[in-house]
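Biologist: Please take a close look at a single part of this model for me, and describe in one connected account what it packs against and what open space it borders.

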Amino acid sequence: MRRCTPKDENKLKDMWAVCFGDPPSYIEFFFKNRFIPERTVCLEHGEEMPCAMHIVPYQVDVRGEEFESAYLVGVATMPEYRMQGYSKRLIREGLDLWRQYGVRFSHLYPFKHSFYAHLGYGIANQRYLAGMTAQDASKLPNTDVVRPLAMGDFDACLLCYQAFLEGKTSYVVRGLNDMAGRLKEHLLDSFGFIAMRSGSICGYALCYVDHDVLYADELVYADHNALSSLLFAMGSHQKAGEMRVTIPLWDQLPTDWPITFTKEDYAMVRIIGLDGLSIPTEDHVDGEVRFYLKDDYLTWQEGTYCAKAKDGRVTFTKVDEPAQHTIDILWLSEAVSGSYCTAAEENSAHSAIRKMLNKRDCMMFEKY
């Protein structure tokens with residue numbers, strides 16, 4: 001494995017086009033605005049580049065504290081090199097490199113959840129994919145002023161985003177530049193809406209149409225009136241056909257809305273540097289537990305750890321002592337992030353961790 005250089009850009013663009021099929025306009029945008037050579041790694045086979053991936057420097061909220069995450073994007077293997085273990089090797093070596101830089105977490109949006117579950121990634125958040133017809137949406141109450149989203153709305157959208165996720169966890173922490181980049185990237189070939197009330201933003205939606213279905217993967221709102229107005233605008237825009245929008249698990253929509261819900265796994269999370277990791281918890285929580293961490297993929301993490309809760313923090317320390325019970329890295333990654341989505345055959349160590357780290361409302365929108 002090696003880090004990429006600016007000289008690799010054309011090869012990486014060609015690989016992206018072959019593996020993901022995105023239009024040239026998006027590929028050019030990505031490499032102009034988000035390609036960081038020193039944060040892109042690849043494997044070589046002679047003069048060929050079989051595999052590469054980009055590591056985006058996101059800050060992610062973990063239980064109220066910001067941590068840098070190695071967010072994996074564009075993990076690509078050329079067709080003739082697939083099914084030979086290249087991507088698994090590249091991800092392992094890339095995560096090892098970022099662990100040495102002090103990064104504790106890795107996140108991603110997977111092409112297939114089961115592939116990354118085998119690499120120790122757990123579910124960072126689930127969401128409701130809510131479905132309704134455009135005709136039904138256009139009949140919902142429309143009490144707020146809704147207009148098309150524009151690039152200049154990034155500062156107002158940021159305030160709405162921050163208010164929507166206040167008190168939540170497992171989300172990407174955004175600043176003004178982050179939100180401006182998010183809108184610029186989205187509006188490149190898609191569209192959105194912004195809802196206003198008394199001159200202030202009360203919601204926004206990032207939308208696109210695929211196979212005649214309107215999707216809103218990022219739908220942020222102050223209350224159900226704002227959500228209803230945004231759905232009305234989307235239905236009026238779509239006129240006919242289906243709509244699919246993202247709703248967080250913590251929200252309970254009015255029962256008389258003509259909408260169906262499907263719960264689905266979304267982003268994924270993995271701890272890549274457990275030894276010395278310290279995260280916030282409730283001030284009243286205390287106790288400790290020893291357990292053996294099972295990590296078949298990043299084997300440098302395997303061993304016995306002591307998890308100690310004291311003074312509003314839980315700290316994990318690797319120790320040279322025996323442990324009676326085992327915890328898998330996938331389950332522990334979900335526990336630390338607050339999602340607890342994957343069932344496990346629990347023992348007393350699992351129970352102790354649950355007492356230290358409660359389940360939290362989690363939400364992540366990012367795919368790239």
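Modeller: The account below follows helix 7 through its helix contacts and then through the spaces around it.

Because this is a predicted model, local features need pLDDT of at least 70 and side-chain atom pairs count only at pLDDT 80 or more, whereas totals for chains, interfaces and linings use all residues. Residues are numbered from 1 along each chain as its sequence is written, and side-chain values use heavy atoms, with hydrogens and water left out.

Helix 7 covers residues 176–186, where a helix is a DSSP run of H or I with at least four residues and a strand is a run of E with at least two, both numbered from the N terminus. Helix 6 (residues 154–164) packs against helix 7 at an angle of about 110°, and their axes lie 9 Å apart; axes are lines fitted to C-alpha atoms over the stretch in contact, and angles between N-to-C directions run from 0 to 180 degrees. That angle makes helix 6 roughly perpendicular to helix 7, a word used for 65 to 115 degrees, while under 35 is roughly parallel, over 145 roughly antiparallel and the rest oblique. On the helix 6 side the contact is made by F154, D155, C157, L158 and Y161, which meet L176, M179, A180 and L183 of helix 7, contact meaning heavy atoms within 4.5 Å. By class, this contact has eight nonpolar residues, one charged residue and no polar ones, with Ala, Val, Leu, Ile, Met, Phe, Trp, Tyr, Cys and Pro counted as nonpolar, Asp, Glu, Lys and Arg as charged, and the others, Gly among them, as polar.

Helix 2 (residues 24–33) also meets helix 7, the two axes coming within 11 Å and crossing at roughly 160°, and the pair is therefore roughly antiparallel. Here Y26, F29 and N33 of helix 2 touch G181, K184 and E185 of helix 7, a contact with two nonpolar, two polar and two charged residues.

G181 appears again in the second largest pocket, where it is listed with R34, V56, Y58 and D178 as nearest the centre among 19 lining residues. A pocket is an open set of points on a 1 Å grid over the protein atoms alone, with protein on both sides within 12 Å along at least five of seven lines, a cavity is a set where a 1.4 Å probe fits but cannot get out, and lining residues have an atom within 4 Å of a point. This second largest pocket has a volume of about 470 Å³, volume being the space filled by probe spheres set on the points, which are joined across faces, edges and corners. Helix 7 gives the most to its lining, with six residues, while helix 2 and strand 3 each supply at least two. The lining divides into eight nonpolar, four polar and seven charged residues.

R34 and V56 are also among the residues that line the largest cavity, together with F30 and H54. That cavity has a volume of about 40 Å³, and strand 3 (residues 48–62) provides the largest share of its lining, three residues.

Helix 7 likewise supplies at least two residues to the lining of the largest pocket, as do helix 1 (9–20) and helix 3 (86–100), among others. This largest pocket holds about 1300 Å³ of space, and strand 4 gives the most to its lining, with six residues. By class, that lining has 23 nonpolar, seven polar and ten charged residues.
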